[in-house]
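This briefing addresses a helix and its packing, two unusual backbone angles, a chain interface and the confidence of the model. The sequence and structure are shown first.

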Amino acid sequence: MIRKHTRRAARAAFAVSLGVAILLGVLAASAVAASPTVKVGSKNFPEEYVLGELYSQALKAKGFDVTYKQSIGSTEIIQVALTSGQINFYPEYTGVIVQDVFKNTLSPKTAAATYALAKKEEAAKGFTLLAPTPFFDTDAIAVSNATAKKYGLHTIVDLAKVPNLTLGAMPEFQTRNTGLVGLENEYGLHNIHFVALGSISSYQALDSGKVLAADVFSTDPPLAAPSKYTVLTDPKNLFGFENVAPIVATSLVKELGPSFVDTVNAVSATLTQPAMLAMNKAVEVDQQSPASVAAAFLKANKLG
Amino acid sequence: MSLADEFRPGTFVQALHFIAGNVGFLAGKTLEQLELSGASIAIALALALPLGVVLGHLHRGSAFAIGASIVGRALPSLVLIGVFLTVLGIGFLNNMVALAVLAIGPILTNAYVAINGVDRDLVEAARAMGMSDRQVLARIELPLGAPLLLTGVRIAAVTVVATATIAAVDGGGGLGDVIVNQASYRLQGVLGASLCVMALSAAVWLALLALQALATPRGLRAATLLELSDYGKERL
Amino acid sequence: MTAAGPVIPNFGGASSCVLRNGLFCLGWVRQHWSDTLAPALVQHLELTVIAVGLGFAIALAGGLAAHRYRRAEQPFSVVSALLYTIPSLALFQLLVPFTGISLTTIEIALVAYTLVILFPTIVVALRSAPPEVLEAARGMGLTPRQILVRIELPLAVPAIVGGLRIAVVSTISTGTIAAFLMPEGLGHPIIFALSEPHPFKTEIYAAGALAIGLALVCDATLVVARALLAPWSRRGA
């Protein structure tokens, strides 16, 4: 009897110490692996996929520890991911930061002012805004050429002339200052019947006649000339200035230092309007993958 | 590791607030979903029910009738919806067809098995009594096959209503419009709509179960109730 | 980067088939097999294997317990009937407040659906031994455990494999919906293609064909497994 208990006790002791050893080992391993990782994220549309790939691949090429989560969600969702630490780096649009993240009602008058304001507001929350890209990608309102001709539409103000005006956009457009709210308050357009598009693209909606006007992005391939669509001008700059700048956790910037900042800024500097348009076209029209497009671009510019 | 800030079980309370504050909107979405589902089920019934009954009555085509379900199960609903969008464009029609295809399997298979499986002795006896083919079908096979047949309809209906949720990605509307758009409706909206769609599916299930119990000849009602506990079997 | 701006390389352009969104562009499939389709397929297979593996383990444990203690079964049936009516997308979202937008959430939902199929299957399968055989076994002095291992389990194999077939095919199908939550699995290329201005047919068809193909291959594999494990069952389907 005594031997049986001793054996059981010995087995139990062995199991417990093995468990503790494993636990310590795992903790040690994770502690060692916890050198600063750049956790990159991107929003849920193709241009952001390309941007996410560009920054991730460039940083990896320079030897940084990088993880990349593609298509986390829209602004609201990815902001939560950022503030909760799931990611510490993602490319955002300066105007979106100013108007949607920090809820300023009207954007500053110039691109530089927009960037400066965004940088200041993010810094106050513990995030650093790195250098902006040359290209910008604002929201825009587009109509089919036929609709433009029929009602004589050139600027957003002209939309007041359209009876039964249906406007299609992603649902978050409804509550944004750079969206329906702005169209109603700044342009005085109260005749808009909003149609939430969900996952269908605005161009599909326009083509099928589901809506007369739709929210589009100014670097969308279908808008490149010759286009089936007319983009209405935005004299009040409601949609603001939307250059891209990476938002990075300030602690990460401090830990990784100037080589990190230089790498990221070098990539941003290459992103001109023609470059972005070409990459968007490659992904959305030529059906190339964002990863390979980014890789090719970085290689050609000696950044990857 | 979860997204700490926004995602907490307390969000369910907010979800209920969302439902309470958007009853009209959600009711409209629910109606949209039922409309789409109803149309799809109607088509599937029109195509599959008579076919299944006739095949069962003639004791023919078992491989086809049973195979329909096997094939149907291997077709992911998202794939069906995607394929029909490329063929029929966005809107109501493409979703209706995709959902109808999904519904055909259970209806056809169960109708066939139900009618085919009616006790042959009874059918023989009825024929011996002088009943015509049509009378045998109407007075013997259909009533006796009703429970299993209606189970197939019930499964098809709930499958369609549940799948109609993702039809939102195709212009199909319905509660899925809210669920796939967290950006606009926030997590409480998504959860609220998810709870609604769950209630909707369960309601359809229970309503058709009640209908089935009513349509079943009294003598077989006990058997129907027993089915609830034999859930796994009927899916096999 | 030159003074005139960055170098914009040729990204490979697109075949005429892709540009006119032809019915099926084999060239595109070949070119993007390794960067788009194969990763999605592997992710999908992983999702499925984990879900069915876990689900089977839990269902087996539960089934054996229910085999011993009959009461365990009844409440489960009602719960599972209701669970199965919940659309998968809704179930994913309802789990998000607890486990976030993660693979954990997806797997919990997939395992739940698998359990709904496998648990009743295993319980019924374990009961399928003919009473006369059980009587004879008891008469020969076999203990309940020996009866379970030598008679009930082997006889249950065909039905269990049948349930596994349904569970695997269902999981592969439901797994496509996971892409609404995270860009994982074969649902991702489909949703991505659907959101384009002109939904790219080839991508939808290719990913769809892979999903269906995966289901059929897994199903066939299990049929072979059943033939190997239970050669006495020659019944079709």
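In H9(A), the buried residues (20 or more other C-beta atoms within 10 Å of a residue's own, with C-beta atoms placed from the backbone; exposed means 12 or fewer, partly exposed in between) are Leu256(A), Phe260(A), Thr263(A), Val264(A), Val267(A), Ser268(A) and Thr270(A). They pack against helix H2 (46–61), strand S10 (244–249) and H10 of chain A, where contact requires C-beta atoms, placed from the backbone, within 7 Å. Helices (H or I, at least four residues) and strands (E, at least two) are DSSP runs, numbered from the N terminus.

The model is predicted: local features need pLDDT of at least 70 and side-chain atom pairs count only at pLDDT 80 or more, whereas totals for chains, interfaces and linings use all residues. Residues are numbered from 1 along each chain as its sequence is written, while chains are lettered from A and ligands numbered from 1 in the order in which they are written.

**Geometry of H9(A)**
- H9(A) bends by about 110° at Gly257(A), the bend being the angle between axes fitted to the seven residues ending there and the seven starting there.
- A proline, Pro258(A), follows within four residues of the bend.
- The end C-alpha atoms of the 21-residue H9(A) are only 23 Å apart, against the 30 Å of a straight helix at 1.5 Å a residue; the expected span is 1.5 Å times one less than the number of residues.

**Positive phi outside glycine**
- Asn164(A) has a positive phi of about 50° and lies in the loop between helix H6 (145–151) and strand S6 (165–169) of chain A.
- Asn164(A) counts as exposed because it has 7 C-beta neighbours inside 10 Å.
- Gln287(A), in the loop between H10 and H11 of chain A, has a positive phi near 60°.
- Gln287(A) is buried, as 23 other C-beta atoms lie within 10 Å.

**Interface of chains A and C**
- Contacts join 27 residues of chain A to 23 residues of chain C.
- On the chain A side, strand S2 (66–73), helix H8 (202–208), helix H9 (250–270), helix H10 (273–284) and helix H11 (290–300) each supply at least two residues.
- H11(A) gives the most to this side, with six residues.

**Confidence in chain B**
- The average pLDDT of chain B (the predictor's confidence in each residue, from 0 to 100) is 84, and 87% of the residues score at least 70.
- Among the elements of chain B, helix H2 (residues 23–58) has the highest mean pLDDT, 93, and helix H11 (residues 231–235) the lowest, 37.

Methods. Two residues are in contact if their C-beta atoms, placed from the backbone, lie within 7 Å.
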